Amino acid sequence: MERGILLSEDVIEQINYDNYSDFESAMTDVKLGEEQFFLDALTLSKISKLKQKPINIQPNIQISAIEINNQPQIVSQQSTALILEPPLEDKQGIETLNQESEQEAESSAEIAAALIEKYEVKLTALQDQDSQTSKQNIPQIQDPTQDPLRKVKVLFSYCGESKKRYVEDFVAHFNKRYEAIKKILLNRQELVNLLSINKILNKKEKENVSIIGIVMEKNITKAKNILLKIEDTTGQISVVINKTKPDVFEIAKNIIEDEVIGLAGFNDKDVIFANKILLPDIYPRELKKSPNQEYAVFLSDIHVGSRFFLEEKFLKFIEWINGNMGSDEQKTLTKNIKYVFIIGDLVDGVGIYPEQDKELIIKDIYQQYSVFTEMISKIPKEITIILCAGNHDASRLSEPQPILSGEFVKQLLELPNIVFVSNPAMVNIGADDTFPGFDILMYHGYSFDYYISNVDYIRNNGGYDRADLVMKFLLQRRHLAPTHTSSLYIPDSASDPLVISHIPDFFVTGHIHKTSIANYHHITLISGSCWQSTTTFQEKVGHKPEPARVPIVNLQTREVKVLRF
Ligand SMILES: [Fe+2]
């Protein structure tokens, strides 16, 4: 404190009697400015390395879900960690310094201090970008949704205000989710004698009852039956699903924590013996077809900046969409492409996972977006591009991720044909006086890893090769990340933006790095491919992405083709 250095919790926890002298020596001549400096373990380890005063501490990086591109994700508060990776010039500076540091110990400390200041400035910049997006917004030059010829309307894009969240916000958030999904389930006629849990608990007689509740716990009993603890706004009750009822038991096997379900059965004291489980699910609906000959193209996971980015193939795609290659039939087709969706991970990002810098060819986030913009600007301007952030983009990781904004994407904002939306978002395309258009639900897919790992049915039927199974699973639950731990999220007390209240015509995602196409009750499910070859980590764990594939939909026939580049 005396020296204006505020130690983070991870530093305090790890500095002890054994390494205190190393710590002191690493910090001895670090010169700081007048303002207080927040020292976390990652910065300290960089300083100690820089000054060749090694200190044995571990940056507090929590590794969570493994993305399909198989990079461990940093999920602690560290969107902040993201920025601590110095820009390329500094990196070079560090290398030079290390070579000469013995002779120039004093100047090394000064450079260390300068670097810290730089980190601090950038750290603050990122925090601002995260928490005060609106303040830093650079207005878009043109809004393509205002051009009726483009036929693109944003039905939902999250723009909730940035503010501190409290425990009550989580409670309100879950209540809103419960109410929204309950409303859907109330349409189910199978829920006879629907009662609140407290009324069932006070019942003396046994009779057929139904409840709508949120799954708090799921366990297997000694007799191999499934035991659920269900909660609604009035109380909690145990529900037994007997293995002798195979139809119900099969559904119960895939029930996950925190999902909202309907249950019908008979009560006995404070237990319900279920004979029906109802998921909110999607009801069958008509397959809409456009009266116009129009095409939509779906991209995701471009990962510009990664040394595995397949630039040549991506430029080939750009050539193709400009009608400069392919058969005559394909050239005609490209003239009718009206929409390109990019569902997250436009760039590889910086500091997304430990030692990512070794796998980056562009180590500066601004530069990554600049190269991305340059390539995207070559897509004909008559085509409207609708894009959202993914977990590699310069945005907070918590969902809903706001629209990309600020200095990072300044050049992108200048393009006249880009529609920025949040992740998730709902967009309508192709509507005119005679046709309502198609509603497209966009979601990058960060929660998918959890369901692939934790739902037996998905894991045993293809796992990472079957994004469509995850998409169907989520549609049945009417939520993009029903389990609390499946994704990071902002608890919004006004509504849960990840509830799928409105049934889309298309559900489109990315993240899995492998194309998958399916149809569920006339909803077209599309998982985008990627433009990144197999990374070291993916190779290690045996994941096999399929890059450079492009799903293209004929909106007049709803036929989907996948092109390979
Ligand atoms: Fe990705």
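This report describes a barrel, one helix and several unusual backbone sites in a predicted model.

Because the model is predicted, local features need pLDDT of at least 70 and side-chain atom pairs count only at pLDDT 80 or more, while totals for chains, interfaces and linings use all residues. Residues are numbered from 1 along each chain as its sequence is written.

## The barrel and its helices

Helices (H or I, at least four residues) and strands (E, at least two) are DSSP runs, numbered from the N terminus. Five strands form a closed barrel in the order 6-7-8-10-9, with mixed pairing, where two strands pair if DSSP finds at least two bridges between them. From one strand to the next the twist averages 55 degrees; axes here are lines fitted to C-alpha atoms, for helices over the stretch in contact, and angles run from 0 to 180 degrees between N-to-C directions. Helix 7 (residues 167-185) packs on the sheet and touches strand 6, strand 9 (260-268) and strand 10 (271-278), with its direction at about 70 degrees to that of strand 9. Contact between two residues requires that their C-beta atoms, placed from the backbone, lie within 7 Å. Helix 9 (residues 246-253) lies across strand 7, strand 8 (235-241) and strand 10, and runs at about 85 degrees to strand 10.

Strand 6 (residues 208-220) and strand 7 (residues 226-232) run antiparallel and are joined by six bridges. Within this pairing, Asn 219 has Leu 227 in strand 7 as its bridge partner.

Val 192 lies in the loop between helix 7 and helix 8 (197-201). Apart from its neighbours within four places in sequence, Val 192 is in contact with Asn 208, Ser 210 and Ala 264. The C-alpha atoms of Val 192 and Ser 210 are separated by 5.9 Å, although the two residues are 18 residues apart along the chain. Val 192 counts as exposed because it has 11 C-beta neighbours inside 10 Å; a residue is buried if 20 or more other C-beta atoms lie within 10 Å of its own, exposed if 12 or fewer, and partly exposed in between, with C-beta atoms placed from the backbone.

## Helix 12

Helix 12 (residues 365-376) has 12 residues and reaches 16 Å from its first C-alpha to its last, close to the 16 Å expected at 1.5 Å a residue, the expected span being 1.5 Å times one less than the number of residues. Ile 365, Gln 368, Tyr 369, Phe 372 and Ile 376 are buried in this helix. These residues lie on the same side of helix 12, because they cover an arc of only 90 degrees around the axis, the arc being that of the directions from the helix axis to the C-beta atoms. The buried residues of helix 12 pack against strand 13 (384-388) and helix 13 (410-413).

## Unusual backbone sites

Two cis peptide bonds and two positive phi values are set out below.

| Site | Backbone value | Place |
|---|---|---|
| Glu 399 to Pro 400 | cis, omega near 0 degrees | Pro 400: loop between strand 13 and helix 13 |
| Asn 423 to Pro 424 | cis, omega about 5 degrees | Pro 424: loop between strand 14 (418-420) and strand 15 (425-429) |
| Asp 301 | positive phi, about 50 degrees | loop between strand 11 (295-299) and helix 10 (311-321) |
| Asp 345 | positive phi, near 60 degrees | loop between strand 12 (337-343) and helix 12 |

Asp 301 counts as buried because it has 30 C-beta neighbours inside 10 Å, and Asp 345 counts as buried because it has 31.
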